[in-house]
Amino acid sequence: MSRAAPSPIFTLRGAGAPLNTLHFSCHGGDTPLLFSGSGKGAIHMWNLNTRRAETVAEGHSGNSVVWVNTLQGTDTLISQGRDMRVCLWDLSEGRTAVLDSLWTGSVGFCQCSLLEMSTGTHLLAFAGQQTEEIKIVELPSKTPVCTLIPDAKLGMVMCIKLWQPDSGPGPLLLAGYEDGSLLLWDVTQRAQLSQTKAHPEPVMCLTFDPQCLRGVSGSSEKDLCSWRLDGQNNLQLQDSVPLVNPGVSQLCVRGDGKLLASAGWDHRVRIFGWKKLRPLAVLQYHTDLVLSVAFSDHQDPRQRLLAAGSKDQRISLWSIFNEGADTG
Amino acid sequence: MDSLAPHTEVRVAVAQCFRTLSTSAEPEDIISSLQTLHSFLDEGPESRSTPDQRAEFSRAHFTRTLQFLLSNIQADWLLGLSAAQRTDLWDGLFLRGPPEQALLVLMEGISELKASTSLDLLISITERFLLSGRLAALLWSSCLQTAPSDSPQLRETLLARIVALPDLTANRLHLKNKPCFCPQQYFTLLASEMLTALERTCQALKDGTDCSLIFVAQTLGKVCVQGHSGPVFAVMAPRLSVCTRSDMVWQRVCWKLLQNVPQRWMESVLTGLVQAVRGPDAFGRIVGNLVLTNKKAQYVVTHKLLLLQYKYETQVLRTVLGYLAADRERRPLLLQVLRALSQAWANPSAVRHTPLEQQLYVSKALLLSVNLLRDAELQELRSELLQCMLGGMQSHLDSSVVRIRHMGMVVGECLSARMDLNNTKLKFEYDQDEETLELLSLMTPISGEEPEEEPENGVTSPQETSEKTPSTQNASCQNKSQSDPGSDLDSDDEFSPYDMSADQEMTKESPRYLRDCLETLISSEDSVRVELSLRVAEALVRKNVFAAREISVQLTKVLLHTEDKYSIRGFLSLRQTTMVALTVTDCIPVTQYLTTEFYSMNYGLRQRLDILEVLALAAQELSKPISEERSPSVGVSSCTDLTLYPGDNPVHWRQVVERRIQSKTKRLTKGATQPPAKATPNRYAPVAGHFFFPLLSNYDKPQVTFDLLGGDHLVLGRLIHTLGLFMHLAVNAPVAAQMGRALLDFVWAVRYHVDQMVRRGVLFAVCSVFLSMPSQNLLVDLNEQLFETRTWLADVAEGDPDEDCRNLAIQSLVLLDKSLKKQLQDQQALGMET
């Protein structure tokens with residue numbers, strides 16, 4: 001018989017605002033951290049051992065923080081706010097100071113995408129000032145790399161994902177647009193490689209697994225759409241997964257490529273097997289839209305956590321499907 | 001001279017023996033004279049006596065001999081005999097002579113002797129008499145006498161002795177009674193002895209001897225009329241059923257047997273038999289066409305079993321009706337029965353005044369008999385049946401008792417289906433319950449023969465199937481597991497899914513303010529918004545009491561007029577709980593509004609009943625003590641989704657009444673033992689009058705749309721019940737005395753109302769008056785009414801056709817008596833002190 005649905009192992013409260021984005025940093029030797037960006041411009045750094053907010057950083061002058069990430073190897077935090085700025089933070093030795101900031105000009109909600117090129121240099125992709133514009137810059141030098149604008153009118157850029165294929169020379173970029181299209185860009189060629197219409201509604205979120213070249217995107221409707229890249233870098237739609245209630249805020253694949261989590265507008269987090277997109281669990285705890293999900297990057301797979309941030313101002317943390325990790 | 005010789009010889013010899021036995025002390029003489037007596041009983045070639053002598057001894061001297069032996073039971077010579085000699089010579093005389101004489105003497109002896117060894121001796125002889133099959137011999141000998149030679153008185157006595165043997169022995173022996181004299185065993189034995197006699201009769205008839213079954217039939221009748229038909233027919237019916245299956249002689253014997261049962265015992269024999277046989281065929285074989293020849297039997301089968309009595313199982317009905325239908329000559333009786341049944345079913349007075357169980361019984365019989373009709377007969381009866389159906393359904397559907405309405409619906413459906421009215425069928429909506437299903441099942445004829453014939457192979461088949469099913473399952477499992485590995489190695493199967501049944505569709509966001517709900521309910525056409533407003537309204541009322549008070553009456557008005565336009569799940573209970581919450585929150589204005597509206601124009605019955613229910617529930621909630629962790633919205637609304645709306649559920653009503661009665665009973669008997677509850681202020685007591693008195697004010701002013709004392713007795717019943725509830729909840733309130741007086745005055749006018757629901761309500765109200773009124777007020781204020789009330793209650797308890805009414809009346813009488821007794825004792829105690 002199937003088990004009863006699990007409960008969160010703990011929750012983090014006190015952010016005082018909707019939680020738009022979550023990012024784990026449990027890789028380093030010291031305390032595991034969870035970063036969250038709130039709707040009131042605060043970035044909380046939660047200590048997962050004490051389960052308290054260790055530091056709260058305010059850098060976007062009260063505007064909603066839509067995305068946070070860390071630059072690998074350095075104590076640098078990167079955050080994107082609705083004040084059209086991307087900030088770089090120095091967190092070393094307990095400091096919270098804005099090192100640098102970047103003006104994006106985007107009024108949308110599109111989250112940035114970060115890709116580590118070599119030690120110390122990263123590529124950052126973000127939506128630009130114009131409607132369909134995507135800009136890519138190099139960090140930390142802030143050198144513009146390219147600007148990608150599609151030929152057709154596709155509406156606003158909704159979500160982007162930058163990644164480095166094993167075979168190809170340069171990084172590729174996946175982007176979802178307001179009219180439901182998905183585009184694959186070659187960054188170095190500045191060329192559009194493939195285009196497909198995945199959803200009738202705007203693409204709200206997407207995630208992509210470079211290992212098996214498969215991705216999935218969510219929209220405001222009742223279906224998740226999965227797709228894959230063939231050898232010629234063509235986007236091919238695969239079967240869609242029906243949801244009970246419409247609307248997905250964010251999708252996230254676990255580091256080992258076995259699970260997919262979705263943050264639903266129906267207050268629920270859904271877990272799917274990543275291979276076949278078989279529904280595995282529905283996590284009910286939140287009382288408002290779930291805005292973000294993230295899997296932790298613990299080195300020990302048994303400690304891995306799933307975090308979900310919601311509009312109800314809480315973060316729930318779950319330990320799910322960790323027992324079978326070492327066998328697979 | 002020749003004929004005289006054996007008589008005198010025998011007489012002389014017997015006298016000689018008696019003399020020897022009374023005077024001699026020599027054991028040899030004793031033994032020889034006993035042997036002489038025995039010789040008159042011995043049959044067979046080596047016998048010393050001639051058949052003439054034996055017949056003379058049996059006729060004239062056997063009883064005398066046994067009586068002589070009994071009178072000498074304490075004689076020395078008897079004690080002098082060895083045990084073996086005594087058993088052989090003394091006891092043997094009782095066991096070998098004509099059994100009827102022996103039985104009479106034995107029974108006489110047993111009833112005369114006091115407890116002693118002599119009595120023990122007699123008892124053991126009687127026991128052996130029974131166990132050695134002498135009863136069969138007795139019955140068989142009576143069969144052989146084609147003309148009764150002995151006097152009717154003697155037969156009557158013998159019959160009485162046979163049937164009353166268990167009573168006689170039990171009276172004499174008390175606790176030391178032998179098991180074989182106990183009725184269960186004795187009558188089983190008697191039944192098998194009767195079967196033996198019948199079997200011998202069959203044999204004799206085949207051999208060409210005439211037999212008479214009069215005595216056996218009388219025995220059977222007398223046994224049955226004394227209430228022992230159960231054990232007797234438990235033995236006889238299966239055997240007779242089997243024997244008559246192939247043997248015509250047996251059938252003739254059975255028919256003759258039943259024909260010979262005296263008229264006055266016919267009924268009990270037939271009822272016993274019809275309950276014991278399985279199926280109409282067996283009954284038909286045993287009884288034959290008795291109903292055509294015997295008036296009494298006809299009356300019992302066609303009238304009494306069907307229309308007057310109603311205690312029997314459905315199987316009995318099947319047997320009786322199937323029996324009537326099975327034979328061409330009996331079929332006119334079936335039609336006659338059907339007419340009578342349909343009249344009984346359709347009779348409006350019967351619907352009102354006969355017990356529900358009887359109506360159910362008649363309905364069953366009607367359905368069964370309609371089902372047995374042939375199409376030609378159906379055509380003949382069609383107009384009558386149609387009339388019965390229409391009239392009967394009207395009177396059934398008019399009833400306020402849900403079970404009766406259901407009965408009317410089911411029977412109407414079945415009849416219309418059977419009559420095939422231009423291919424149209426009636427179809428009603430009702431909840432299937434056990435009763436309706438049973439009625440419906442009667443329309444499918446039970447095919448196949450009686451179950452007794454079926455061999456045991458029925459038992460083995462389920463095992464086979466159960467063995468089979470797992471194997472197929474295994475096979476399918478194997479197939480699956482074989483096909484699986486080939487399909488895909490990296491599947492998601494390493495994770496077993498959690499239970500995802502709770503993953504339901506989300507509803508839209510619900511309103512946060514009570515005023516929004518109000519606005520939505522008044523003006524919105526959006527079904528989702530209306531539903532959400534209804535769902536949150538109760539919680540909002542309870543959460544913000546001050547906001548709720550501002551618009552309580554307005555919202556109540558809106559809710560009262562809201563209709564379930566969108567088929568919202570649990571609409572009625574949502575609306576109800578919200579109105580209850582409003583009433584509780586803002587008690588006086590809302591009750592004022594609701595009680596006024598109850599009597600105003602242009603409301604439907606449903607709305608008026610809603611008003612009553614809301615008031616009742618609110619009063620109940622108010623009267624409960626407030627507990628700290630109380631969360632009424634959760635408690636009420638969580639169950640509302642599951643339970644039906646209370647007003648729709650007939651069981652609920654009765655259960656509630658019963659539960660209340662029980663709780664009351666407990667309170668009286670265990671009142672002192674319960675620990676006193678923590679004192680909390682009663683929120684209901686100060687406002688009880690606001691609930692109660694406005695509802696009493698206008699009941700007798702009929703309006704165009706609402707006539708409480710006329711046709712709307714459904715509302716009247718509920719009104720009285722609700723008033724009773726208010727009364728009950730007002731216990732210990734200062735206003736209780738006034739309420740009680742007013743309520744008794746009110747219900748007095750309708751105490752013999754024709755509708756049983758109203759009567760139940762009245763009795764419930766009276767119960768609650770007696771419970772809640774302080775006993776001194778009861779005595780002082782209601783002094784003159786109490787006597788009349790008592791008489792009325794006693795009358796109801798005895799004569800009301802409704803069982804609930806009778807129980808409630810008894811309950812009220814008990815309550816009244818207790819209350820009065822307590823009061824009188826208190827007064828006495830006071831008087832003693834002063």
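**Strands and an interface in a predicted model**

Colleague: Which strand of chain A pairs with strand E10 (residues 113-118), and in what sense?

Modeller: Keep in mind that this is a predicted model. The two strands are joined over five bridges, and they pair in the antiparallel sense. One position to look for is Ser113(A), which stands opposite Ala125(A). The partner, covering residues 121-127, is strand E11 of chain A.

Colleague: Which residue in the turn between E10(A) and E11(A) has a positive phi?

Modeller: These strands form a hairpin, with two residues between them. In that turn, a phi of about 95° belongs to Gly120(A).

Colleague: Zooming out, how many strands are there in chain A?

Modeller: Don't go hunting for helices here: chain A has zero of them. Of its 328 residues, 57% count as buried. As for strands, chain A has 28.

Colleague: Now for the other chain. What is the area buried between chain B and chain A?

Modeller: The size of an interface is often given as the accessible area lost when the parts come together. Here 17 residues of chain B are in contact with 30 residues of chain A. Carbon and sulfur atoms give 53% of the buried area, and the total is about 2100 Å².

Colleague: How many salt bridges are there between chain B and chain A?

Modeller: On the side of chain B that touches chain A, the residues divide into six nonpolar, three polar and eight charged. Across the interface, four residue pairs are in polar contact, with both residues at pLDDT 80 or more. For salt bridges between the two chains, though, the count is zero.

Technical notes: Residues are numbered from 1 along each chain as its sequence is written. Chains are lettered from A and ligands numbered from 1 in the order in which they are written. This is a predicted model: local features need pLDDT of at least 70, side-chain atom pairs count only at pLDDT 80 or more; totals for chains, interfaces and linings use all residues. Side-chain values use heavy atoms; hydrogens and water are left out. Contact means heavy atoms within 4.5 Å. Buried area is the accessible area (1.4 Å probe) that two parts lose on being put together, summed over both. A salt bridge is a side-chain nitrogen of Lys or Arg within 4 Å of a carboxyl oxygen of Asp or Glu. A polar contact is a pair of N or O atoms within 3.5 Å; within protein, one must be able to donate a hydrogen and the other to accept it, and residues adjacent in sequence count only if both atoms are side-chain atoms. Ala, Val, Leu, Ile, Met, Phe, Trp, Tyr, Cys and Pro count as nonpolar, Asp, Glu, Lys and Arg as charged, and the others, Gly among them, as polar. Two strands pair if DSSP finds at least two bridges between them. Helices (H or I, at least four residues) and strands (E, at least two) are DSSP runs, numbered from the N terminus. Buried means under 20% relative accessible area, exposed over 50%, partly exposed in between (1.4 Å probe, protein chains only).
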